[in-house]
Amino acid sequence: MALIDWKDEFAIGIPAVDFEHRELIELINELYEELVRPAASKDVVVEFLGEINLSIGAHFPLEENEMRDRRYDQLAAHKDEHER
């Protein structure tokens with residue numbers, strides 16, 4: 001059972017960003033599956049969290065570059081969200 005199901009309404013129309021959003025949702029769902037197992041492995045959970053952290057660390061610059069290239073007027077606010 002997935003925690004988050006991808007919906008077409010999540011797509012923003014930038015293939016690289018949409019692809020990475022789907023990958024992040026997949027990682028979150030895999031982590032969730034591990035967490036709901038009766039004998040969840042701490043090591044596996046830590047590994048998933050590390051992978052999610054690395055993926056997000058690579059994803060935010062991609063998003064910010066796309067916003068910069070498109071002269072997105074909310075870039076500063078969105079970047080602040082990334083920083084938090």
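The protein chain has a radius of gyration of 15 Å, whereas a compact globule of 84 residues would be near 12 Å. The model is predicted, and the values below are computed from it. Taken along the principal axes, the C-alpha atoms of the protein chain fill a box of roughly 50 × 25 × 20 Å.

**Fold and surface**

The secondary structure of the protein chain consists of three helices and zero strands, which gives the pattern α-α-α along the sequence. Of contacts in the protein chain between residues at least 6 apart in sequence, 46% join residues at least 24 apart. Buried residues account for 24% of the 84 residues. The accessible surface amounts to about 6,200 Å², and carbon and sulfur atoms hold 54% of that area. As for charge, the protein chain carries 9 positive and 21 negative side chains, and the centres of these two sets lie 4 Å apart.

**The largest nonpolar core**

Five residues form the largest nonpolar core: Leu 27, Leu 31, Val 45, Phe 48 and Ile 52. Helix 1 (15–36) and helix 2 are the elements that give two or more residues to this core. Helix 2 gives the most, with three residues. One of the core residues, Phe 48, is in contact with Leu 27, Glu 30, Leu 31 and Glu 34, leaving aside its neighbours within four places in sequence. The contacts of Phe 48 thus include Leu 27 and Leu 31, both of which belong to the core.

**Two individual residues**

Glu 66 and Arg 71 are set side by side by relative accessibility in the following table.

| Residue | Location | Relative accessible area |
|---|---|---|
| Glu 66 | helix 2 | 18%, buried |
| Arg 71 | loop between helix 2 (42–69) and helix 3 (75–83) | 73%, exposed |

Glu 66 counts as buried because its relative accessible area of 18% falls under the 20% cut-off. Apart from residues up to four places away in sequence, Glu 66 touches Ile 14 and Val 17.

Arg 71 has a positive phi of about 55 degrees although it is not a glycine. Arg 71 is placed in the loop between helix 2 (42–69) and helix 3 (75–83). Arg 71 counts as exposed because its relative accessibility of 73% is over the 50% cut-off.

Note on methods
Residues are numbered from 1 along each chain as its sequence is written. This is a predicted model: local features need pLDDT of at least 70, side-chain atom pairs count only at pLDDT 80 or more; totals for chains, interfaces and linings use all residues. Side-chain values use heavy atoms; hydrogens and water are left out. Helices (H or I, at least four residues) and strands (E, at least two) are DSSP runs, numbered from the N terminus. The radius of gyration is taken over C-alpha atoms; the globule rule is 2.2 Å times the number of residues to the power 0.38. Buried means under 20% relative accessible area, exposed over 50%, partly exposed in between (1.4 Å probe, protein chains only). Contact means heavy atoms within 4.5 Å. Accessible areas come from the Shrake-Rupley method with a 1.4 Å probe; for residues, only the protein chains shown count as cover. Lys and Arg count as positive and Asp and Glu as negative; His and the chain ends are not counted. The place of a charge is taken as NZ of Lys, CZ of Arg, CG of Asp or CD of Glu. A nonpolar core is a set of buried Ala, Val, Leu, Ile, Met, Phe, Trp, Tyr and Cys residues joined through side-chain atoms within 4.5 Å.
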